[in-house]
Amino acid sequence: KEANEWTPGRLVISIATSLTNDNQIELDFSPTIGHCKNKPRNPSDDNCHWLPAHLNQNTEMFRVKTIHPIFVNTCHRAGFKIHGDWVDDEDCILFRCTRSRYHNEDTNKNYAEGRTRDVKNTSKPPLSRDNKTERPIKEDGEETCKFKFRVYWDEKRKRWFLPHQQRGLLQHCGHSHFQSECLRMKTKFLPEEEHKLAEDCFDTKNSATTTANLLNYRNDIGLEWHQLHYLKTKKKNDMVIRDLDPGNSSSGAQISAADRALAILHNDSRVSYTALTAEAKSGLISIRRRKKGVDNSITVEEVNENLDDGVDSPQSFALRELGMDEDELKSASASSKDGEAPKNLRLKNGQVLLALAWTMDESRRKFDMYPEIIRMPTRISCHCQCYWPRQGVCKCLSSLVRLA
């Protein structure tokens, strides 16, 4: 019990020197919490600490993306996590420990059912999983944490501020104090400069593990691999929406790998590319599927080549491309030959990507210099890896040869 009652150390943020002087200084605002004082009637330099002048908005989007991360990251470094809620009556954001409320399974279930699911097939029920929560469970006799403080908004001056003395409670209870690297941070609270650093790492082909180690070394931000993979995919999806459908602010669930590939090539000024597409229902596309044999075994229709690939088989490739499980694939193969095109190859405009070839400017320059020399992989009948990946020699060159 003694280990679950503790007071955090320094909570340091950057503030303006004064209302009229925007030179930034560091402030430990922990001494301002727990004085049973209300919001100052006339905020001024004598009773308030002002946040920098560029933080001059008070919209829901601005609060979540700009104001919340300032205090969430500060508390994360101090070894605990908080969440903020806007209090309209007091014109403030009330920050509390994430363990300040009891877990309610019924409320969570109703909330989850009302949310729009970010999945490709919304007709499928969600997978069952063990429910996990960071909040205390009342039935288990756990205690809620009382830590809280407020950040106020001055509508007249369009500035955010912290009073020299305010209400709230500084002491934590009901949970242990952790090292910051042991706490998971949500990606939406990642500081803007660290978010830009992660994107630059992705652009320079650094792995998610390397990027995570760099972020952890700089700020003790313990992002996990799947969180960085989400950031990487989200960036590509945003690129597709910006290029093909700027007015669409929906989720990226319907964006395929083919959309992301074309968006990356389109936004790279050093790349020239050619894409071959067709309508899914044009009758020009033949989709090879597995079907059941007479002896109830799984056979491969129209695929007779031995791929010599111990990792990827025609069955696993079909499952991955179609985004289906094995039972669905069997039923789809038996029901109709005019099945759905592979989801990873379907574009947002409804067409299907059949072939894609690209080259870099440097490769084109070398080809113009030495047109009599052409080099390409010779194992074109299998899933070969390109010998010159950076010069833009396309994988699956055999597809282009057969189309030609």
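How many disulfides does a search of the whole structure find? The search finds 0 disulfides, whereas a search for salt bridges across the whole structure finds 9. The model discussed here is predicted, and the points below take up its sheet, its nonpolar cores, its charged pairs and a few individual residues in turn.

**The open sheet**

- An open sheet is formed by 5 strands, which follow one another in the order β4-β8-β7-β6-β5 with antiparallel pairing.
- At the edges of this sheet lie β4 (48–50) and β5 (82–87), each of which pairs on one side only.
- Between neighbouring strands of the sheet the average turn is 30°, with direction ignored.
- The antiparallel pairing of β5 with β6 extends over 6 bridges, and within this pairing G84 stands opposite F95 of β6.
- On its other pairing, β6 is joined to β7 by 5 bridges, the two strands again running antiparallel, and here L94 has R150 of β7 as its bridge partner.
- The hairpin of β5 and β6 has 4 residues between the strands, and in that hairpin D91 takes a positive phi near 50°.

**The nonpolar cores**

- The largest nonpolar core holds 40 residues, and the members that touch the most other members are F29, F71, I82, F147, F149 and W160.
- Helices and strands both contribute to this core, since at least two residues each are supplied by β2 (12–16), α1 (60–77), β6 (92–97), β7 (148–154), β8 (159–163), α3, α4 (208–219) and α5 (225–244).
- With 5 residues, α1 provides the largest share of this core.
- When neighbours within four places in sequence are left aside, the contacts of F71 are I13, F29, L51, I82, F95, F149, V151 and L162.
- Separate from the largest core is a second core of 8 residues, among them L262, L353, L356 and M360.
- As a general background to such groupings, nonpolar side chains tend to be buried together in soluble globular proteins.

**Salt bridges**

- In general terms, side chains of opposite charge can pair when their charged atoms come close.
- D154 and R157 form a salt bridge in which the closest N and O atoms are 2.7 Å apart; the acidic partner, D154, is buried at a relative accessible area of 8%, while R157 counts as partly exposed at 33% relative accessibility.
- K196 and D200 form a salt bridge whose closest N and O atoms are 2.9 Å apart, and because these residues lie 4 residues apart in helix α3 (residues 192–203), about one helical turn separates them.
- Both partners in α3 fall in the intermediate class of accessibility, K196 being partly exposed at 44% and D200 being partly exposed with a relative accessible area of 30%.
- E362 and R365 form a salt bridge with 2.7 Å between the closest N and O atoms, and because the two residues are 3 residues apart in helix α9 (residues 361–369), they too are separated by about one helical turn.
- In this α9 pair, E362 is partly exposed with a relative accessible area of 39%, and R365 is likewise partly exposed, at 43% relative accessibility.
- Beyond these pairs, E90, R150 and R167 are joined into one network by salt bridges that share partners.

**Cysteines and positive phi angles**

- The cysteines C36 and C48 can be described by their accessibility: C36 counts as exposed at 70% relative accessibility, whereas C48 counts as buried at 4%.
- C36 is not a glycine, yet its phi is positive, at about 55°, and C36 is found in the loop between β3 (24–28) and β4.
- D91 is likewise not a glycine and has a positive phi of about 50°; D91 is found in the loop between β5 and β6 and is partly exposed, with a relative accessible area of 28%.

Notes:
Residues are numbered from 1 along each chain as its sequence is written. This is a predicted model: local features need pLDDT of at least 70, side-chain atom pairs count only at pLDDT 80 or more; totals for chains, interfaces and linings use all residues. Side-chain values use heavy atoms; hydrogens and water are left out. A salt bridge is a side-chain nitrogen of Lys or Arg within 4 Å of a carboxyl oxygen of Asp or Glu. Buried means under 20% relative accessible area, exposed over 50%, partly exposed in between (1.4 Å probe, protein chains only). A disulfide is a pair of cysteine sulfur atoms within 2.5 Å. A nonpolar core is a set of buried Ala, Val, Leu, Ile, Met, Phe, Trp, Tyr and Cys residues joined through side-chain atoms within 4.5 Å. Contact means heavy atoms within 4.5 Å. Two strands pair if DSSP finds at least two bridges between them. Axes are lines fitted to C-alpha atoms, for helices over the stretch in contact, and angles run from 0 to 180 degrees between N-to-C directions.
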